[in-house]
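Please look over the structure below as a whole before turning to its details. The paragraphs that follow begin with the interior of the chain and end at a single hairpin.

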Amino acid sequence: MSTHEARLADLREQLKRQQFDGFVVPICDEHMSEYIGDYAQRLEWLTGFGGSAGTAVVLADRAAIFVDGRYTIQVRDQVDGRLYEYVGIAQQSVADWLGQHAPEGGKIGYDAWLHTRDWVQQASARLAKRSAALVATTANPVDAVWHDQPERPAASMNPHPIAYSGRESADKRAAIGRWLTDEGLDAAVITALDSVAWVFNVRGGDITHTPVTLSYGVVRADGTADLYVAPEKVSDALRAHLGNQVALHDYDAFETGLDALGGKAVAVDPERAVAAIFSRLEAAGARIVARRDPSVLPRAIKNDTEIGGQRAAQSRDGAAVSKFLHWLSIAGPAGGETELSAAAQLLAFREETGLLVDTSFDTISGASSNGAICHYRVSEETNLPIVMDSLYLVDSGGQYLDGTTDITRTIAIGTPTAEMKRRFTQVLKGHIALATIRFPHGTTGGQLDALARQFLWADGVDYAHGTGHGVGSFLAVHEGPQRIAAFGGMGEPLRPGMICSNEPGYYKAGEFGIRIENLVLVEEIEIAGAEQPMLGFETLTFAPIDRNAIEPALLSPHELAWMNSYHAKVLDVVGPQLHGEPLKWLQAACAPIG
């Protein structure tokens with residue numbers, strides 16, 4: 001019996017002991033985080049799936065794992081198909097599957113600290129059609145059989161200085177207080193870790209790649225606040241930073257602390273707060289008003305200090321990536337390198353800056369066929385060599401005190417095929433189309449998404465992920481509310497100061513993958529004769545795009561001009577940070593095309 005088969009069997013026995021007919025296991029923590037601590041990696045422990053989004057349902061006689069299009073290939077590589085049915089979330093939701101397969105009159109368990117209230121209501125409605133019930137557990141059954149489950153992380157919570165934040169926490173809380181007053185509300189419960197970090201100008205190290213601390217906040221209409229964080233994470237410097245308008249409480253006291261909001265009108269974000277919080281507030285007699293977390297939009301609109309920090313971080317990071325690309329131009333054709341060794345070398349160049357706090361996500365280092373797994377995570381078991389006449393895709397980023405970076409480059413090792421060059425150039429054309437678009441206020445990312453896909457669509461191909469996501473300021477590399485994706489609704493209107501990624505791609509399963517990603521800043525654009533204010537994108541990321549993978553004949557004069565202008569800027573921004581052979585290589589890599 002394999003490890004994951006034994007774990008599944010153990011869980012089923014535990015479900016019998018807790019008198020459940022099934023259980024739902026999401027990738028999630030108590031804060032609805034995308035990236036979670038090791039202690040919360042229940043789905044990976046149970047199934048072996050290492051992606052950042054997914055859910056498993058375990059019944060007595062069958063089980064299924066649900067993923068989105070990013071993980072269609074990965075889930076089959078990592079999860080035993082004899083144990084779990086593979087389900088695409090776009091084809092069938094977890095709630096619908098439960099409504100179809102749960103036993104009649106059954107009792108399906110869920111952890112109310114790992115699901116939203118909306119999901120609970122949807123799943124309950126589907127189950128009711130089978131006279132089955134969704135029941136909150138008092139103890140998560142996965143934890144009961146995960147005998148070596150890690151402890152919650154113990155990193156300290158640290159002040160994030162005004163030199164990087166650009167705005168005092170008291171000012172942020174006062175703005176939230178004014179919003180509460182205008183809405184006729186008494187308090188807002190802040191549950192998302194990056195929201196707590198932004199509101200209180202604090203950072204931490206509890207979640208790998210995201211500098212946050214396990215914590216909750218409650219902000220009141222008068223600007224005072226409660227901050228729930230483990231006492232051992234708190235220093236005198238933090239207390240001084242927070243001031244006397246913020247009351248500190250133990251993290252484990254949060255649930256009972258909600259009782260103090262009884263009789264109050266409380267804003268709670270139904271997308272970011274778990275079902276257990278709603279239940280506790282309801283039991284306490286609070287009047288719950290579903291509102292988006294009031295810090296989400298102001299956090300997304302970067303101030304001048306944050307924008308300046310982002311530019312500095314991008315310049316520094318672009319130099320590190322360019323040094324890596326120079327190294328790869330020699331080491332790749334020489335042979336002997338692998339996905340793991342290349343990722344280690346890229347990390348070493350970032351660490352040479354002396355300012356890297358962490359990577360912003362697990363580096364996606366995909367050679368040949370592994371590059372077609374768009375959210376691939378390399379391991380000793382999957383590690384491929386980097387070989388001649390292939391494509392190598394590397395998607396990576398850094399966390400610096402002044403900014404968060406995210407960049408993807410696809411590099412031809414040796415001579416790419418005609419198909420590789422055509423697809424690479426189509427992806428590049430889509431990237432340029434998005435980078436150069438002008439659009440009026442009120443435009444959403446969803447309205448722009450097709451610009452990046454049009455050239456692939458012309459050949460009847462596409463990619464199964466969004467074209468862009470928001471990015472935080474020394475915070476989460478995936479930050480809302482803005483995104484550039486048409487599926488799931490058009491999304492949030494883009495506003496000046498927002499940062500997004502521009503990352504179209506193409507993935508040929510079993511052969512190669514292509515993605516070109518830069519970060520862009522939404523900015524006001526002056527257009528002569530314009531009859532309304534217009535917006536556009538300033539590209540923030542600077543590192544060469546592989547000219548050897550481009551088919552110049554497929555580029556229009558406008559696109560060639562953009563490429564040459566972009567590479568000239570790369571040389572201007574990165575060049576002064578390089579010397580010797582790396583600089584000579586950069587000059588050649590950025591020479592005009594055509």
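**From the whole chain to one hairpin**

In this predicted model, buried residues, meaning those with under 20% relative accessible area, make up 56% of the 594 residues in the protein chain. The secondary structure of the chain comes to 19 helices and 28 strands. The radius of gyration is 25 Å, close to the 25 Å that the globule rule gives for 594 residues, so the chain is as compact as a globular protein of that length. Measured out along its principal axes, the C-alpha trace spans about 70 × 55 × 45 Å.

The contacts within the chain can be read by sequence separation: among those with a separation of 6 or more, 69% are accounted for by residues 24 or more positions apart. Towards the outside, the protein chain exposes about 22,700 Å², of which carbon and sulfur atoms supply 51%. As for charge, the chain carries 50 positive and 74 negative side chains, and the centres of these two sets lie 3 Å apart.

A local example is offered by strand 25, residues 505-508, and strand 26, residues 512-515, which pair in the antiparallel sense over four bridges. One of the residues involved is Gly 505, whose bridge partner in strand 26 is Arg 515. The two strands, strand 25 and strand 26, form a hairpin with three residues between them, and in the turn Gly 510 has a positive phi of about 80°. When following the strands by eye, it helps to recall that in a regular strand the side chains alternate between the two faces of the sheet.

Definitions and conventions:
Residues are numbered from 1 along each chain as its sequence is written. Side-chain values use heavy atoms; hydrogens and water are left out. The radius of gyration is taken over C-alpha atoms; the globule rule is 2.2 Å times the number of residues to the power 0.38. Buried means under 20% relative accessible area, exposed over 50%, partly exposed in between (1.4 Å probe, protein chains only). Contact means heavy atoms within 4.5 Å. Accessible areas come from the Shrake-Rupley method with a 1.4 Å probe; for residues, only the protein chains shown count as cover. Lys and Arg count as positive and Asp and Glu as negative; His and the chain ends are not counted. The place of a charge is taken as NZ of Lys, CZ of Arg, CG of Asp or CD of Glu. Two strands pair if DSSP finds at least two bridges between them.
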